[in-house]
Amino acid sequence: MSTAAVEPRLKRTWGLYEVYIGKKLVMAGTGVVLVLYIIGHLLGNLQIYAGPEQMNQYAAFLHSQPGLLWTARIVLLAAVGAHIWSSFLLWRDKRRARPIGYVKKDDIPASYASRTMMWSGPIIAAFVVFHVLHLTTGDVGLGFQPPTAGPTGEAFYAYENVVNGFRYPAVSAAYIFAIALLTMHLYHGMWSMFQSVGISHPRYTPLLKSLAHVFSIAIAAGYISIPVYVMIRFGVK
Amino acid sequence: MNLILHVWRQKNAKDPGRMVRYEARNISAHMSFLEMLDVVNEELIARGEEPIAFDHDCREGICGMCGFMINGVAHGPERGTTVCQLHMRHFKDGDELYIEPWRSRAFPVIKDLVVDRSAFDRIIAAGGYISVRTGSAPDANAIPVPKENAELAMDAAACIACGACVAQCPNGSAALFTGAKIAHLGLLPQGQPERDRRAVAMVVQMTKEGFGHCTNIGECEAVCPKEIKLDVIARMHRDYLHAAWTGRQKPGFREDQPAEEPMAGNRR
Ligand code: SF4
Ligand code: FES
């Protein structure tokens with residue numbers, strides 16, 4: 001064994017978080033968790049096109065696995081918390097870096113998405129809170145139907161609730177706006193996280209960038225299709 | 001050609017400073033931007049006013065002394081150019097130009113367009129070197145270096161430490177500069193023994209100096225007169241994480257090894 005001193009791992013991990021690269025690592029790791037959720041959630045939502053039967057059964061299936069459901073919820077909540085906290089600390093540090101601004105400043109190649117990460121984030125978070133109150137707990141109302149006890153366990157009305165909710169143009173508009181911001185957030189975040197943890201390659205990084213762009217737009221198209229479909233098929237209220 | 005200039009004038013570090021309007025008359029298209037300022041200054045001196053102070057030395061684009069913002073772009077509108085190599089033919093008669101110093105907490109203004117960039121020196125002092133025995137120079141080709149690495153190291157070594165990357169970055173980050181130095185030495189065999197130590201020490205010093213952190217926006221890359229690529233920042237992060245992972249270096253702030261004059265640039 002070498003005799004070189006090695007810092008204990010816990011202390012090292014903490015030291016890493018002190019410097020911005022450690023916080024970026026947390027941003028990237030939690031970002032991956034959130035992207036995976038965004039994909040899974042979209043796949044669940046797209047079942048709306050298979051009709052009420054399919055979608056409500058899927059909801060009942062998820063709720064029949066309380067262990068799994070709560071694990072997912074806790075992991076997600078932890079990821080969101082760590083993502084927000086790290087970004088807050090990073091934002092605080094960089095805000096100090098230029099106390100006196102420019103009279104005139106030009107942003108040359110910076111994409112709109114890359115410069116707006118810090119406010120697209122909080123707006124998306126605020127929307128998610130509304131979204132959960134609307135379609136998970138039903139606190140927003142809007143004709144929310146809570147689950148009822150049926151002959152084969154609880155019956156869920158996910159399909160009806162989504163349809164009822166999205167028939168309000170204001171709800172749909174808020175949803176589409178939040179998804180648009182999410183798209184921008186992913187547009188920059190999904191390649192940026194690789195760069196931040198030190199993964200860069202002359203050939204694959206441009207490819208990764210395009211992939212992130214295509215992917216974020218595909219996700220947006222999938223999500224936005226739902227309120228549009230509801231409003232066209234069932235009419236607005 | 002005639003131009004209208006709005007120049008940041010600030011007597012000393014304590015003075016709050018302000019923008020002052022000047023007219024630059026009879027400017028030749030063949031002059032460099034600094035020569036244009038020389039003409040303005042001669043007129044100011046003739047009128048008994050204080051000339052505009054700006055940093056410069058080689059005027060060949062190689063020393064890294066010059067640099068300021070022209071209409072919100074570091075080193076002006078031409079890509080891959082320092083202000084000393086920027087020619088007036090890129091401007092039109094009647095143009096209105098805003099000229100400001102680099103803005104960063106770590107680069108306090110000393111006078112007019114001159115800023116104190118000693119924060120960069122302290123980042124270099126923290127680890128931007130290799131420890132070798134001087135005196136007997138080894139044979140030039142004694143250590144083989146792969147061609148690609150030699151090229152990449154050379155590209156990174158082109159950084160002239162002008163500070164444009166910091167000035168342009170919306171976060172005031174010095175990641176491109178520090179990354180260039182870490183990539184340059186980390187790509188060569190001579191840089192290997194101190195690679196972990198270097199990455200940690202330089203990143204920590206950069207953070208301590210009060211620079212912001214990189215959010216991969218890419219404005220630095222666009223204004224860098226030496227066209228250093230964002231890739232060097234990924235290399236820096238990779239080296240840093242490697243050092244943290246192997247644990248030979250404590251990755252956080254090092255109480256045991258205080259950097260020389262930490263934040264001295266900010267005390268002024
Ligand atoms: S990386 Fe480019 S812009 Fe930054 S200090 Fe070096 S030469 Fe100047
Ligand atoms: S004066 Fe030397 S680089 Fe401009």
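Start by selecting His30(B): this residue is exposed, with a relative accessible area of 65%. You're looking at a predicted model, by the way. His30(B) sits in the loop between β2 (18–24) and α1 (33–46) of chain B. Show what surrounds it: leaving out residues up to four places away in sequence, His30(B) touches Glu35(B) and His87(B). Now add Glu78(B) to the selection. The two residues, His30(B) and Glu78(B), are 48 residues apart in sequence, and their C-alpha atoms are 15 Å apart in space.

**Next stop: a helix in chain B**

Stay in chain B and pick residues 118–127, which form helix α2. How many of its 10 residues are buried? The count is 7, so this helix is mostly covered. Colour them in if you like: Ser118(B), Ala119(B), Phe120(B), Arg122(B), Ile123(B), Ala126(B) and Gly127(B) are the buried ones.

**Ligand 1**

Keep Phe120(B) selected, since this residue also belongs to the surroundings of ligand 1. Around the ligand you'll find several cysteines, among them Cys159(B), Cys162(B), Cys165(B) and Cys224(B). The rest of the shell includes Ile160(B), Ala161(B), Gly163(B), Ala164(B), Leu176(B), Pro225(B) and Ile228(B). Which classes of residue make up this shell? There are 11 nonpolar residues, 1 polar residue and no charged ones.

**Over to chain A**

Hide chain B for a moment and show chain A as a cartoon. You should be able to trace 9 helices and 2 strands. Following the sequence, the order is α-α-α-α-α-α-β-β-α-α-α. Along the principal axes, the C-alpha atoms of chain A fill a box of roughly 70 × 55 × 35 Å. Of the 237 residues in this chain, 38% are buried. Switch on contacts too: among those in chain A with a separation of 6 or more, 74% are between residues 24 or more positions apart.

**A lysine tucked away**

Now zoom in on Lys23(A), in helix α2 of chain A. Is this lysine buried or exposed? Lys23(A) is buried, with a relative accessible area of 6%. Select what is around it: setting aside neighbours within four places in sequence, Lys23(A) is in contact with Tyr17(A), Glu18(A), Ser86(A), Leu89(A), Leu90(A) and Asp93(A). Take a closer look at Tyr17(A), whose backbone oxygen lies 3.3 Å from a polar atom of the Lys23(A) side chain.

**Last stop: where the chains meet**

Bring chain B back and select the residues in contact across the two chains. You'll have 44 residues from chain A and 54 from chain B. The area buried between them is about 4100 Å², and carbon and sulfur atoms give 59% of that.

What polar links are there between the chains? There are 25 residue pairs in polar contact, and the count of salt bridges is 1. To find that salt bridge, select Glu219(B) and Lys105(A), whose side chains meet at 3.9 Å, N to O.

Finish on the chain A side of this contact. Helices α1 (9–18), α2 (20–45), α4 (66–95), α5 (112–115) and α8 (169–196) each supply at least two residues there. Which helix gives the largest share? That is α1(A), with 6 residues. Colour this side of chain A by class and you'll get 21 nonpolar, 9 polar and 14 charged residues.

How values were computed. Residues are numbered from 1 along each chain as its sequence is written. Chains are lettered from A and ligands numbered from 1 in the order in which they are written. This is a predicted model: local features need pLDDT of at least 70, side-chain atom pairs count only at pLDDT 80 or more; totals for chains, interfaces and linings use all residues. Side-chain values use heavy atoms; hydrogens and water are left out. Contact means heavy atoms within 4.5 Å. Buried area is the accessible area (1.4 Å probe) that two parts lose on being put together, summed over both. A salt bridge is a side-chain nitrogen of Lys or Arg within 4 Å of a carboxyl oxygen of Asp or Glu. A polar contact is a pair of N or O atoms within 3.5 Å; within protein, one must be able to donate a hydrogen and the other to accept it, and residues adjacent in sequence count only if both atoms are side-chain atoms. Helices (H or I, at least four residues) and strands (E, at least two) are DSSP runs, numbered from the N terminus. Ala, Val, Leu, Ile, Met, Phe, Trp, Tyr, Cys and Pro count as nonpolar, Asp, Glu, Lys and Arg as charged, and the others, Gly among them, as polar. A residue is near a molecule or strand if one of its heavy atoms lies within 4 Å of it. Buried means under 20% relative accessible area, exposed over 50%, partly exposed in between (1.4 Å probe, protein chains only).
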